[in-house]
There are 2 protein chains.
Amino acid sequence: MAERRKFRREGEERRRQDLIEATLDCVAENGIEGATVRAIALRAGVTAGLIRHYFPAKEDLLQAAYATIVERMTAQALASLDGTGKTPAARLGAFVAANLTAPIVDARVFSLWAGFIGRAHADPALSAVHRDGYIGFRDRLEHLIAETFASAGRTADAGRLRRHAIAVNAIIDGLWIEGCMAGDLFETGELAAIGIASVERVLGIDMGGENA
Amino acid sequence: MAERRKFRREGEERRRQDLIEATLDCVAENGIEGATVRAIALRAGVTAGLIRHYFPAKEDLLQAAYATIVERMTAQALASLDGTGKTPAARLGAFVAANLTAPIVDARVFSLWAGFIGRAHADPALSAVHRDGYIGFRDRLEHLIAETFASAGRTADAGRLRRHAIAVNAIIDGLWIEGCMAGDLFETGELAAIGIASVERVLGIDMGGENA
DNA sequence: GGGCTTGTTATGCAAGCGTATAAATACGGC
DNA sequence: GCCGTATTTATACGCTTGCATAACAAGCCC
């Protein structure tokens, strides 16, 4: 009668990570409103009360979860740059392609993104997390474009470089959303091909695409 | 003591529209989770119970509200095509510019879009409304591009035309999002200029932009 | 191996949610 | 001017939510 549940004491960082992962699962499956304290706890295999032991309030958990997903996406994108010995143009091309292929183009990731974005307007902290991610991404893009131009012997003033980064960022974002929301409307690799071709034309460079 | 509240009987369509408008206000201000039955009723100036007299369930109201906003955005975009006597290229340019300027680039509209998108994954009906809007928009774009090509004496097979529409749609979407979320990072008209220049380069046409 | 710390569970609470239902009232037809 | 009807209000119910608190036990220290 009334047997108390057994449990293990996990390391602090491990538990925090588990809770964040459970939160992401919940948001991805049922939207942000599906991420209730009880649902998260159930998925993490703990009881609801424990959450408050690691996060002062639910909002803090959501924030941490969003920061995690932003960070993860960024890392995956940057990983595509790891190949050494490539030309700057090839690196830029790989970067664009990576952002338009699985696992970055993924319904689950989009579900997370959308869920958090919807909440960002009401929550300045989430909004800040997002803006940091956006600016970081665009800066990285601008850097890649600058390198590509330099290696091609082309010059571009700061303003032009900035506008190029904005445009390329828009192409990636727009195609990413299209792919995530309506992946079934595109063939494998089609979005990446369109993205590369578009970026080539916008920047007036050759990244080895087939100019689809 | 216990004075019952006075009220007026409004026409059915008028009440429905008021409730939808109130719903949009709530979603825009506090996200979709801020759109509770009571909050909506308060803003519409009625009591909560009335909502169920016009909509079987809250979900039906949300659906109607989303359909309304999608329809409204589409109408605004199409209105930019109304000018007669323009060349197809100029019409396409006007269309792109309109989608990258107020009132379409607007934090409130984006807030609505994001709120509903976040819920779309959990609600197939909302998802269907969105997809219809997306495909309709892309088709319109493809049509404009085809006209522009035709008037320039260029030919393009169906596949190429489709890919062009996908790319231009991505540019518009991506820049739209950037503008809505971080409008303060851009000067007035900058996004429209970048959009037009990018579309010109991607399509290889001249729409009268300054090729920023 | 006994005691202490603290990670963890269990239980409870007040508030808010969507929905149901009955009473009241505005207003067109006569 | 009254009646009937359908719009609108009022009230309540059952459920879920986030959060608080007290009891408990796991694992480290000595």
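Leaving aside its neighbours within four places in sequence, which residues is A:F116 in contact with? Keep that in mind while you get oriented; this is a predicted model, and the tour returns to A:F116 shortly.

**Stop 1: chain A as a whole**

Select chain A and show it as a cartoon. You will find nine helices and zero strands, so the pattern along the sequence reads α-α-α-α-α-α-α-α-α. Along the principal axes, the C-alpha atoms of chain A fill a box of roughly 75 × 35 × 35 Å. Chain A has 212 residues, and buried ones make up 46% of them. Now turn to the contacts between residues at least 6 apart in sequence: in chain A, 66% of these join residues at least 24 apart.

**Stop 2: the two copies**

Bring chain B into view and superpose it on chain A. A rotation of 180° does the job, with 0.0 Å of shift along its axis and an RMSD of 0.1 Å. The two copies are thus related as by a two-fold rotation axis. The same surface serves both copies, as 100% of the contact residues of chain B recur in chain A.

**Stop 3: the nonpolar core**

Now for the opening question. Select A:F116 and display its surroundings: beyond the neighbours within four places in sequence, A:F116 is in contact with A:L24, A:V27, A:I32, A:L62, A:A65, A:Y66 and A:L126. Next, widen the selection to the largest nonpolar core, which has 138 residues. A:F116, A:W176, B:F116 and B:W176 are the residues with the most contacts inside this core.

Hop across to chain B and pick B:L126, which lies in helix α7 (residues 124-151). Is B:L126 buried or exposed? Its relative accessibility is 1%, and because buried means under 20%, B:L126 counts as buried. Show the residues that B:L126 touches, not counting those up to four places away in sequence: B:L62, B:Q63, B:Y66, B:F116, B:R119 and B:A120. Before you move on, draw a distance from B:L126 to B:R52. These residues are 74 apart along the chain, and their C-alpha atoms are separated by 19 Å. B:R52 will turn up again at the next stop.

**Stop 4: DNA strand C**

Select DNA strand C and the 24 residues around it; those that come nearest are A:R4, A:Y54, B:R9, B:R52 and B:K58. Both protein chains take part: α3 (51-54) of chain A and α2 (37-44) of chain B each supply at least two residues of the surface near DNA strand C. Colour that surface by residue class and you get seven nonpolar, four polar and 13 charged residues.

Which parts of DNA strand C do the atoms within 4 Å of the protein belong to? Sugar or phosphate takes 68% of them, and the rest belong to bases. Three polar pairs are worth a close look:

- A:Y54: an N or O atom of the side chain is 2.4 Å from a phosphate oxygen of DNA strand C.
- A:R5: here a polar backbone atom is 2.9 Å from a phosphate oxygen of DNA strand C.
- B:R38: a polar side-chain atom lies 2.9 Å from a base nitrogen of DNA strand C.

**Stop 5: DNA strand D**

Move on to DNA strand D. There are 24 residues around this strand, and A:R9, A:R52, A:K58, B:R4 and B:Y54 come nearest. Of the atoms of DNA strand D that come within 4 Å of the protein, sugar and phosphate account for 68%. The helices to highlight are α2 (37-44) of chain A and α3 (51-54) of chain B, each of which supplies at least two residues of the surface near DNA strand D. By class, that surface divides into seven nonpolar, four polar and 13 charged residues.

Zoom in on the phosphate oxygens of DNA strand D, going through these side chains in turn:

- A:K58 has an N or O atom 2.3 Å from a phosphate oxygen of DNA strand D.
- A:R52 places an N or O atom 2.4 Å from a phosphate oxygen of DNA strand D.
- B:R15 has an N or O atom 3.2 Å from a phosphate oxygen of DNA strand D.

**Stop 6: two cis peptide bonds**

Finish with the backbone. In chain A, select A:A102 and A:P103: the peptide bond from one to the other is cis, with omega near 5°. A:P103 sits in the loop between α5 (88-99) and α6 (107-120). In chain B, a cis peptide bond joins B:A102 and B:P103, where omega is about 5°. Look for B:P103 in the loop between α5 (88-99) and α6 (107-120) of chain B.

Terms used. Residues numbered from 1 in each chain as written. Chains lettered and ligands numbered in written order. Predicted model: local features only at pLDDT ≥ 70, side-chain atom pairs only at ≥ 80, totals over all residues. Heavy atoms only, no water. Near = heavy atom within 4 Å. Polar contact = N/O pair within 3.5 Å; in protein donor to acceptor, adjacent residues only side chain to side chain. Helix = DSSP H or I, 4+ residues; strand = E, 2+ residues; numbered from the N terminus. Nonpolar A, V, L, I, M, F, W, Y, C, P; charged D, E, K, R; others polar. Core = buried A, V, L, I, M, F, W, Y, C linked by side-chain atoms within 4.5 Å. Buried < 20%, exposed > 50% of the residue type's maximum accessible area, 1.4 Å probe, protein only. Contact = heavy atoms within 4.5 Å. Least-squares fit on C-alpha atoms with pLDDT ≥ 70 in both.
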